[in-house]
Amino acid sequence: GKGRGSMNRIAIQIGDDDADVRDGVAWLFDSRGYHAATWSGGDAFLHAIGKLAPDWDHAVVLMDIRMEPLSGLATFERLQQLGCPWPVLFLTGHGDVGMAVAAVKKGAWDFLEKPFQDNLLVDRIEQALAAASALRDANLQTQRLRAALASLSQREREVLAELIRGHYNKTIADHLGITQRTVEFHRANIFNKLGVQSAIELAHQLGRLGASPGAAGEGAE
């Protein structure tokens, strides 16, 4: 159950205990220019990817729902416990559709019944890859924003809290007992550190983060 090639930059992780299906699907994706890794069981796959956390890159998992000895469903639950963000697609037999629907309700991306059309499978995987990529970009942006917030000084944090309430520079200066010029200086620094051009953009960024600026990185000077 070794993976083919290194774990780096592999876009599609294929798990199936049927070697014919596994190799056929891997060939299909290789022929379309994707890097695929194959696994004959969930255990070997989980063992290999467990080492990646928390640096997931982006990939898609395509698994038979009834692998032995560790089922695709059990493997999926373990992936969720690991915090792995990769979309999971299940290949199911005719009798397992109910199980696959339940898995989708628990957060799986999709499922396809065997026998499936090659083009349909590639389309679904490409949609899932696009979603995985977008999620990773959003996560990177969130991490950068958190780090930037943590880098603000105590005074910058006080000015930020006032800015978020929509106060003007003069009002902020009165509230904090500093000059308007000092507020402008702090404001420029805050915008620079957080990579925003305006107070509106700042509010959008923080809104996406769902964070109150006062709570971010308390005590970090």
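At what angle do helix α6 and helix α9 pack? The legends below address this and other close-up views of the structure, which is a predicted model.

**Figure 1. Packing of helix α6 with helix α9 in the predicted model.** Helix α6, formed by residues 154–164, packs with helix α9, formed by residues 199–209, at an angle of about 100°. The axes of α6 and α9 are 10 Å apart. Angles of 65 to 115 degrees count as roughly perpendicular, and α6 and α9 are therefore roughly perpendicular to each other. From α6, the residues L160, L163 and I164 make the contact; from α9, they are L202, A203 and L206. Sorted by class, this contact of α6 with α9 has six nonpolar residues, with no polar and no charged ones.

**Figure 2. The open sheet of five strands.** The strands follow the order β2-β1-β3-β4-β5, and their pairing is parallel. Strands β2 (36–39) and β5 stand at the edges with a single partner strand each, so one side of each has no neighbour in the sheet. On average, neighbouring strands of this sheet are turned by 20° against each other, direction ignored.

**Figure 3. The pairing of strand β4 with strand β5.** Strands of a sheet pair through backbone hydrogen bonds, either parallel or antiparallel. Here β4 (residues 88–92) and β5 (residues 110–113) run parallel and are joined by four bridges. F90 stands opposite F111 in β5. Between the two strands, the chain passes from β4 through helix α4 (residues 97–105) to β5, in a right-handed β-α-β crossover. L89 stands opposite D110 in β5. Helix α4 packs on the sheet, where it touches β4 and β5, and the direction of α4 makes about 165° with that of β5.

**Figure 4. The surroundings of I14 in strand β1.** I14 lies in β1, which spans residues 12–15. Buried means under 20% relative accessible area; at 3% relative accessibility, I14 therefore counts as buried. Leaving aside neighbours within four places in sequence, the residues in contact with I14 are R22, V25, A26, A36, A37, T38, W39 and L62. I14 and F45 are 31 residues apart in sequence, and their C-alpha atoms are 9.2 Å apart in space.

**Figure 5. The surroundings of T75 in helix α3.** T75 is found in α3, which covers residues 72–82. With a relative accessible area of 0%, T75 is buried. Not counting residues up to four places away in sequence, T75 touches G42, F45, L46, M63, M67 and L70.

Notes
Residues are numbered from 1 along each chain as its sequence is written. This is a predicted model: local features need pLDDT of at least 70, side-chain atom pairs count only at pLDDT 80 or more; totals for chains, interfaces and linings use all residues. Side-chain values use heavy atoms; hydrogens and water are left out. Axes are lines fitted to C-alpha atoms, for helices over the stretch in contact, and angles run from 0 to 180 degrees between N-to-C directions. Angles under 35 degrees count as roughly parallel, over 145 as roughly antiparallel, 65 to 115 as roughly perpendicular and the rest as oblique. Contact means heavy atoms within 4.5 Å. Ala, Val, Leu, Ile, Met, Phe, Trp, Tyr, Cys and Pro count as nonpolar, Asp, Glu, Lys and Arg as charged, and the others, Gly among them, as polar. Two strands pair if DSSP finds at least two bridges between them. A crossover is right-handed if, with the strands pointing away from the viewer, the path from the first strand over the helix to the second runs clockwise. Buried means under 20% relative accessible area, exposed over 50%, partly exposed in between (1.4 Å probe, protein chains only).
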